[in-house]
Amino acid sequence: MSEKLKRCAIYIRVSTAEQAMYGKSLQAQREYLETYAADHDMVVVGIYADEGQTARKELKKRKAIHALLASVKRGEIDTIIFWKMDRWFRSVADFYKVQEILDAHQVTWIATAEPNINMDTRDGRLNLNIMLSIGQNEVDTTSERIKFTVDNMIRNKRLVWGEANMPLGYKIGEVDGQKKMVKDEDTAPIVEEFFRYFMKYQKKKQTVIHIQDTFGIDFSYTQLRTMLSSEFYIGKYRGSDYCPAYLTEEEWAKIQSISQNNIKSTRSGRIYLFTGLMRCPLCGQKLVGTGCASIINRKTGEKRTYCYYRCNRALIDHICTYTHRMSQNLLEDYLLANLEREYEKFLIRSEIQAEKVKMKQGARTASKIKDELSRLNLLFQKGRVSFDYYETEYEKLENELKELTVVQITPVKKAQSAKTMFEQDFRAMYNTLTQEKRQAYWRNMITEIHLTIDNQVDYVDFF
């Protein structure tokens, strides 16, 4: 049998109260699920445990879930098994947030003790939603009590989170025998200089660079936005006095006004024709559009719009050195003048790649590769090869099989299609298009525009 063995992750959870009252344990769940995996020909690739956590706990606080989802996104898991649905989620909203990620990566789950609850059948989905709704009702009832408690803690300036969540400039300290949020003498100078500099020069990008250069820290544009919107710096939380302030309310109001004036208009009317089609040749980040307008006729007030593409990791965060800006007008002119030549180069690259595939395939057949997959599965089941070796070899053979079975579009057929396209006066047609339709034209023809490090077009990939 050449079907790939399923890699499963075990998820176990038990709250402190359940262990104390009913003697439930993580170990019991683990042993049960490991037996289930063995009986169903699954390979356990990870065990994720939330001990002392309730299913109504906020999703962001369930660390094992996040570690599990990270493995899902890396493509390391095929299915997730847990004991019962209430071990997984009791919140409708949180369940579907995670389910969206699982669906995107084609990962399934099994509630091993509740086979009637699943996403595969109509009855299974009905049972699932009923159980989640009941659990959600319990969560809502409990959350009302929790909200009342938290509000009371905030009014009394008591700490409601840990050190890891402290904003820049604050730490946990003890005041009158209670843990509270206090100023951090080590990072307070950074906060004070940040607000002083921003109020004086009123420039966001310039402020980020100043803090990076002055203190030698990895200070990002995201941190700037957080600090300009956090009411902690005026000593408040949810409208209540909560912690020592760095700013007066008058200073805060001034900063908010400056910050709003710094925001670029979202109604500029600029249309970026090549958004998403270029990457930074150094760091690989997608280039983003930026632009400006200048008056070209002072009598009539006529303006000309200029659009560019840049690497934000270089020009904003300063963690890349590609500071060039690609002009949209120049790129558009280049493509219109060289489109046929670029397409011919693309055909040559495609033909070379096809020849490489043929040489690699040699005398291999699909039947031979499937036999090798079966032998590999057998060796893995008997423990004669490691998982890493199994994973690498299976992927190699699977890719080889795909290359044999995929029907290739030959360069000749592509060339015939291109000849038809370029026989038409596409330049005259292009000139009649609106900017929105020009954008659609390029996006339906080109998959990526590759740039050189000196800001020139290297080559273009087509559909």
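Is Asp 94 buried or exposed? With a relative accessible area of 12%, Asp 94 is buried; buried means under 20% relative accessible area, exposed means over 50%, and partly exposed lies in between (1.4 Å probe, protein chains only). The views below come from a predicted model, in which local features need pLDDT of at least 70 and side-chain atom pairs count only at pLDDT 80 or more, while totals for chains, interfaces and linings use all residues. Residues are numbered from 1 along each chain as its sequence is written, and side-chain values use heavy atoms, with hydrogens and water left out.

**View 1. A salt bridge inside helix H5.** Here Asp 94 is joined to Lys 97 by a salt bridge, with 4.0 Å between the closest N and O atoms. The term stands for a side-chain nitrogen of Lys or Arg within 4 Å of a carboxyl oxygen of Asp or Glu. Both residues belong to helix H5, 3 residues apart, or about one turn of the helix. Helices (H or I, at least four residues) and strands (E, at least two) are DSSP runs, numbered from the N terminus. As a reminder, an α-helix has 3.6 residues a turn, so residues three or four places apart point the same way.

**View 2. Helix H3 and its buried face.** Helix H3 spans residues 63–73, and its buried residues are Ala 64, Ile 65, Leu 68, Leu 69, Ser 71 and Val 72. Down the helix axis these residues fall within an arc of 155°, so they line one face of H3; the arc is that of the directions from the axis to the C-beta atoms. Look to the other side of H3 for Lys 63 and Lys 73, which are exposed. The cover over the buried residues includes strand S1 (6–14), strand S2 (42–51), strand S3 (79–82), helix H4 (85–88) and helix H5 (92–104). After the helix comes Gly 75, with a positive phi near 75°.

**View 3. Asp 78 meets Arg 7.** The closest N and O atoms of this salt bridge are 3.0 Å apart. Asp 78 sits in the loop between H3 and S3 and Arg 7 in strand S1, so the pair ties together parts that are 71 residues apart in sequence. Arg 7 is buried, at a relative accessible area of 6%, whereas Asp 78 is partly exposed, at 22%.

**View 4. Arg 438 and Glu 332, plus a network elsewhere.** A salt bridge of 3.3 Å, N to O, brings these two side chains together. The pair links distant parts of the chain, with Arg 438 in helix H17 and Glu 332 in helix H12, 106 residues apart. Both count as buried: Arg 438 has 15% relative accessibility and Glu 332 has 9%. For another view, try Lys 236, Asp 241 and Glu 249, which are linked in a network of salt bridges. Across the whole structure, the search finds 13 salt bridges.

**View 5. The open sheet S9-S10-S11.** These 3 strands form an open sheet with antiparallel pairing. The edges are held by S9 and S11, each with a single partner strand, so one side of each is left without a neighbour in the sheet. Two strands pair if DSSP finds at least two bridges between them. S9 (residues 288–297) and S10 have 9 such bridges, and S10 and S11 (residues 326–327) have 2. Handy register markers include Ile 295 opposite Lys 303, Gly 289 partnered with Tyr 309, and Tyr 308 opposite Ser 327. S9 and S10 make a hairpin with 4 residues between them, and Gly 301 in the turn has a positive phi of about 75°.

**View 6. The largest nonpolar core.** A nonpolar core is a set of buried Ala, Val, Leu, Ile, Met, Phe, Trp, Tyr and Cys residues joined through side-chain atoms within 4.5 Å. This one has 33 residues, and Phe 274, Met 278, Trp 442, Ile 446 and Ile 449 touch the most other members. Elements giving two or more residues include strand S10 (302–310), helix H16 (426–431) and strand S12 (446–451). Helix H12 gives the most, with 7 residues. Leaving out residues up to four places away in sequence, Ile 446 touches Leu 277, Leu 335, Val 460, Asp 461, Phe 462 and Phe 463; contact means heavy atoms within 4.5 Å. Apart from this core lies another, of 29 residues, including Met 166, Phe 232, Tyr 242 and Ile 255.

**View 7. Cys 320 and Cys 280.** The sulfur of Cys 320 has its closest cysteine sulfur in Cys 280, 3.7 Å away, too far for a bond. A disulfide would need the two sulfur atoms within 2.5 Å, and the search of the whole structure finds 0 of them. Cys 320 is buried, at 11% relative accessibility.
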